[in-house]
Amino acid sequence: MKIKRLTDCFLLLLVAGILAACSGNDDNKENNGTDDGKKVNIAKAVTFKVDFADYNAEQEVGVTRAGNQEEKIGQQVIGLGNRILAQCTLQRDTTKQLKTIATRALPDDTYTMLAYDHTTHAFKGEVTGTITGGVFRYSGDKAIELEPGTYDFVLFNSKVVRSGNNLTVTRADADAALIGRKTETIAATPKRQQISFTLKHVGAKVKIKLTGYMNFSGVTATLASVNATDIPGSSVYDASTGTWSTGAAAAVNENITYGANPEEAYKAETYTATSGDVMFMPFTDVSKLKLTFTAGNIYKQNMANASLTFNPKTSLQLEQNGAYVLNVKLMYNFLYLFSDGSTGFINETTYGGAPAATAKTPVAVVLSRSKRMAI
């Protein structure tokens, strides 16, 4: 009888040990999100942190803001008629934007996350959710289960229209549409992993700044496409490969109204006025845009119907998440006396874009050619 009781006790302890071991294995699966040690449920195993990049965030490192330096991208001098010249310079908008925590918060929206195999680009799953406290949180019953390996994750908001792997954004949503991409290796361990997304604006924004040496006001203009086929009306992002392509072309016609110069009349060295932001899709060629003045006066000359097409020597295309300023310096087309004794206009000098081999140096402004007077 004693032997039987000992045997029964031993069997009970053995069963209890097996049950405890099974329970421990189940807890481990629950904690690390694995399914039979093969797949990882990223809803349980991965935390997705989300932030967004300001315009030009990628270029800030190369620009010395403290010295007020600007990255020159292209320059050109254009005659507007009526003895007015426009010296045009397209450059990065290096205005430092002071953002508070509140303004940096991502907008309340529905966000979608896609997963792709990094090597084969095969689609692996989709979930939707919201972003709270900088963390993407799933909603609904969908989940993505992945075998340990390297994957591409793509996150975007509701301003992006998905059709299979193609994510399309129209120019109307160029500012509000956000897309982020991150490549990460998913491992069966550790139990918790973290992946950080940086969302970027899909579009690029351009301001047009006028500068003159006399006070001016009442200036209006239109920024339009040269034709209806050269400005992208949308852009398409292939989420599986991370590549962009331009969508259908669309005509552009934006009205611009400049307010009065902030500088006090006749007391400043230069006078300025800046437009609001005009949004474009990435890969927009700036040489396909035309600025036409519809009203305004400067140097006692009427600016109406004067126009310019910015056509730099090398092709310039706007980049995703880029911010630019098209500076238009309006100058009176004086006749200059050059150092070699000849006379000519600003476009014959290095200041006006003339080649270094033939450029001349201005030394005075001609007051009267008949009286041979210069100052």
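Contact here means that heavy atoms lie within 4.5 Å of each other. The exercises below concern a predicted model.

**Exercise 1.** Locate Asp285, determine which residues it touches beyond its sequence neighbours, and state whether it is buried or exposed.

*Solution.* Begin with the position in the chain: Asp285 is found in the loop between strands S21 and S22. Next, set aside residues up to four places away in sequence, after which the contacts of Asp285 are Ile231, Ser315, Leu316 and Gln317. Finally, consider burial and charge together: Asp285 is buried yet has no salt bridge, and the nearest side chain of opposite charge, that of Lys288, is 4.8 Å away. Because a salt bridge requires a side-chain nitrogen of Lys or Arg within 4 Å of a carboxyl oxygen of Asp or Glu, the separation of 4.8 Å from Lys288 does not qualify.

**Exercise 2.** Describe the open sheet that contains S22, giving its strand order, its edges and its twist.

*Solution.* The open sheet has four strands in the order S19-S16-S22-S25, and their pairing is antiparallel. Its edge strands, each of which pairs on one side only, are S19 (253-257) and S25 (307-309). From one strand to the next, the twist averages 20°. Looking at one pairing in detail, S22 (residues 289-295) and S25 are joined in the antiparallel sense over three bridges, and Lys290 stands opposite Thr309 in S25. As background, strands of a sheet pair through backbone hydrogen bonds, either parallel or antiparallel.

**Exercise 3.** Which residues touch the most other members of the largest nonpolar core, and which elements give two or more residues to that core?

*Solution.* The largest nonpolar core holds 38 residues, and those that touch the most other members are Leu80, Phe280, Leu291, Phe293, Leu308 and Val328. The elements that give two or more residues to this core are strands S4 (72-81), S5 (84-92), S15 (204-212), S16 (220-225), S20 (271-274), S21 (278-280), S22 and S26 (323-332). Taking Phe293 as an example and leaving out residues up to four places away in sequence, one finds that Phe293 touches residues including Leu80, Leu210, Val219, Ala221, Met303 and Leu308. A second, separate core comprises 24 residues, among them Val46, Phe48, Val127 and Phe197.

**Exercise 4.** How many salt bridges does a search of the whole structure find, and which parts of the chain do the pairs Arg171–Glu254 and Asp340–Lys360 link?

*Solution.* The search finds eight salt bridges. In one of them, the side chains of Arg171 and Glu254 meet at 2.9 Å, N to O. This pair links distant parts of the chain, with Arg171 in the loop between strands S12 (166-170) and S13 (178-186) and Glu254 in strand S19, 83 residues apart. Arg171 is buried, with a relative accessible area of 19%, whereas Glu254, at 29%, is partly exposed.

In another salt bridge, between Asp340 and Lys360, the closest N and O atoms are 3.7 Å apart. Asp340 lies in the loop between strands S27 (336-338) and S28 (343-344), and Lys360 in the loop between S28 and strand S29 (362-368), so the pair ties together parts that are 20 residues apart in sequence. Asp340 is exposed, with a relative accessible area of 51%, while Lys360, at 26%, counts as partly exposed.

How values were computed:
Residues are numbered from 1 along each chain as its sequence is written. This is a predicted model: local features need pLDDT of at least 70, side-chain atom pairs count only at pLDDT 80 or more; totals for chains, interfaces and linings use all residues. Side-chain values use heavy atoms; hydrogens and water are left out. Two strands pair if DSSP finds at least two bridges between them. Axes are lines fitted to C-alpha atoms, for helices over the stretch in contact, and angles run from 0 to 180 degrees between N-to-C directions. Buried means under 20% relative accessible area, exposed over 50%, partly exposed in between (1.4 Å probe, protein chains only). A nonpolar core is a set of buried Ala, Val, Leu, Ile, Met, Phe, Trp, Tyr and Cys residues joined through side-chain atoms within 4.5 Å. Lys and Arg count as positive and Asp and Glu as negative; His and the chain ends are not counted.
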